[in-house]
Amino acid sequence: MKKLLEELSREKIVAIIRGIDEANGDRTAKALADGGIVFLEVTLNTDGALGMISRFREGYAGKLRIGAGTVLDIGQAKEAVAAGAEYLISPNLDEEIVYYGAENGIEVWPGTMTPTEIVKAYKAGASAVKVFPFASLGAGYLKEIRAPLNHIPMIATGGVNLGNIQSVFDAGAVAVGLGGNLVDKQLIAEGRFEELTARARAFADAVRTGAGA
């Protein structure tokens with residue numbers, strides 16, 4: 001489990017597939033992988049999500065780290081893991097899912113906002129937390145809560161773009177979750193996958209440049 005978090009802290013980006021039709025899902029995954037993305041989250045409120053998780057896990061073994069997002073209850077958690085999800089991400093904190101992950105060697109990164117939720121998630125066994133909704137909270141908020149809670153890895157999700165990504169890392173995020181600012185539904189709908197790859201590469205390069213890697 002620790003190895004996955006170490007890898008995330010190197011790669012620093014989780015690309016989020018949400019609401020993309022299954023026909024385009026595979027081409028989207030390939031475009032993101034070609035652009036240097038490693039962590040790919042498929043949200044369970046996406047039609048055909050479990051099938052995509054299975055296919056991506058099999059087709060990109062050793063290249064992509066596939067997880068399930070918007071995991072809202074223990075039943076969904078078990079289905080996602082059965083489909084091949086390597087990690088589970090939620091918009092909220094459900095301690096039952098965190099306990100399940102800890103017992104079964106599956107990383108769970110739950111959604112948290114307040115210091116109380118962050119500490120509660122960490123105590124329950126989450127190795128990292130997702131700070132959400134980050135678009136509303138901002139880098140200033142993250143910097144403030146990192147001061148007393150800098151021992152807890154935090155993934156900033158929502159509102160992160162090429163213009164502000166470095167300030168988010170400067171504020172202490174271990175990684176960022178990128179939805180529409182990376183996985184652009186219009187590009188996908190229009191079949192402009194080369195542009196999606198270029199966008200993924202721009203984010204991946206921004207991370208490596210900023211990290212001095």
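Welcome to this structure, with aspartate 26 as the starting point: at 30% relative accessibility, this residue counts as partly exposed. Please keep in mind that the model is a predicted one.

**Salt bridges**

What does the side chain of aspartate 26 meet in a salt bridge? The partner is arginine 55, with 2.7 Å from N to O. This pair joins distant parts of the chain, since aspartate 26 sits in helix α2 and arginine 55 in helix α3, 29 residues apart. Arginine 55 is also partly exposed, because its relative accessibility of 32% lies between the 20% limit for buried and the 50% limit for exposed.

Across the whole structure, a search finds 10 salt bridges. One of them ties arginine 208 to glutamate 11, and their closest N and O atoms are 3.6 Å apart. Here, too, distant parts of the chain are linked: arginine 208 belongs to helix α10 (residues 193-211) and glutamate 11 to helix α1 (residues 2-11), 197 residues apart. Arginine 208 is partly exposed at 38% relative accessibility, and glutamate 11 is partly exposed with a relative accessible area of 21%.

Another salt bridge forms between arginine 192 and glutamate 190, where the closest N and O atoms are 2.3 Å apart. Arginine 192 counts as partly exposed at 31% relative accessibility, as does glutamate 190 at 45%.

The three pairs are set out here.

| Salt bridge | N to O distance |
|---|---|
| Aspartate 26 and arginine 55 | 2.7 Å |
| Arginine 208 and glutamate 11 | 3.6 Å |
| Arginine 192 and glutamate 190 | 2.3 Å |

Salt bridges can also join into a network, as they do for Glu7, Arg57, Arg65 and Glu86.

**Helix α3 and its two sides**

Arginine 55 has already brought us to helix α3, so let us look at how this helix is placed, starting with why its buried residues share a side. The helix spans residues 49-59, and Ala49, Met52, Ile53 and Phe56 are buried in it. These four lie on the same side of α3 because they cover an arc of only 100° around the axis. An α-helix has 3.6 residues a turn, so residues three or four places apart point the same way. On the other side of α3, Glu58 and Gly59 are exposed.

What covers the buried residues of α3? The cover includes the strands β1 (13-17), β2 (39-43) and β3 (65-69), together with the helices α2 (22-34) and α4 (74-83).

**Where α4 meets α5**

Helix α4 has a partner of its own in helix α5 (residues 95-104): their axes come within 9 Å and cross at roughly 35°. The crossing is right-handed. On the α4 side, Ile74, Ala77, Lys78 and Val81 take part, and they meet Glu96, Ile97 and Tyr100 of α5. Sorted by class, this contact has 5 nonpolar residues, 2 charged ones and no polar ones.

**Serine 90**

Just where is serine 90 found? Its place is in the loop between β4 (87-89) and α5. Is serine 90 buried or exposed? This residue is buried, because its relative accessible area is 3%, and buried means under 20%. Leaving out residues up to four places away in sequence, serine 90 touches Thr70, Val71, Ile97, Trp109, Pro110, Gly111 and Lys130. Ile97 also appears among the α5 residues that meet α4. Glycine 140 is 50 residues from serine 90 in sequence, and their C-alpha atoms are 23 Å apart in space.

Notes. Residues are numbered from 1 along each chain as its sequence is written. This is a predicted model: local features need pLDDT of at least 70, side-chain atom pairs count only at pLDDT 80 or more; totals for chains, interfaces and linings use all residues. Side-chain values use heavy atoms; hydrogens and water are left out. Buried means under 20% relative accessible area, exposed over 50%, partly exposed in between (1.4 Å probe, protein chains only). Helices (H or I, at least four residues) and strands (E, at least two) are DSSP runs, numbered from the N terminus. The arc is that of the directions from the helix axis to the C-beta atoms. Contact means heavy atoms within 4.5 Å. Axes are lines fitted to C-alpha atoms, for helices over the stretch in contact, and angles run from 0 to 180 degrees between N-to-C directions. A crossing is left-handed if the near helix is turned anticlockwise from the far one by less than a right angle, and right-handed if clockwise. Ala, Val, Leu, Ile, Met, Phe, Trp, Tyr, Cys and Pro count as nonpolar, Asp, Glu, Lys and Arg as charged, and the others, Gly among them, as polar. A salt bridge is a side-chain nitrogen of Lys or Arg within 4 Å of a carboxyl oxygen of Asp or Glu.
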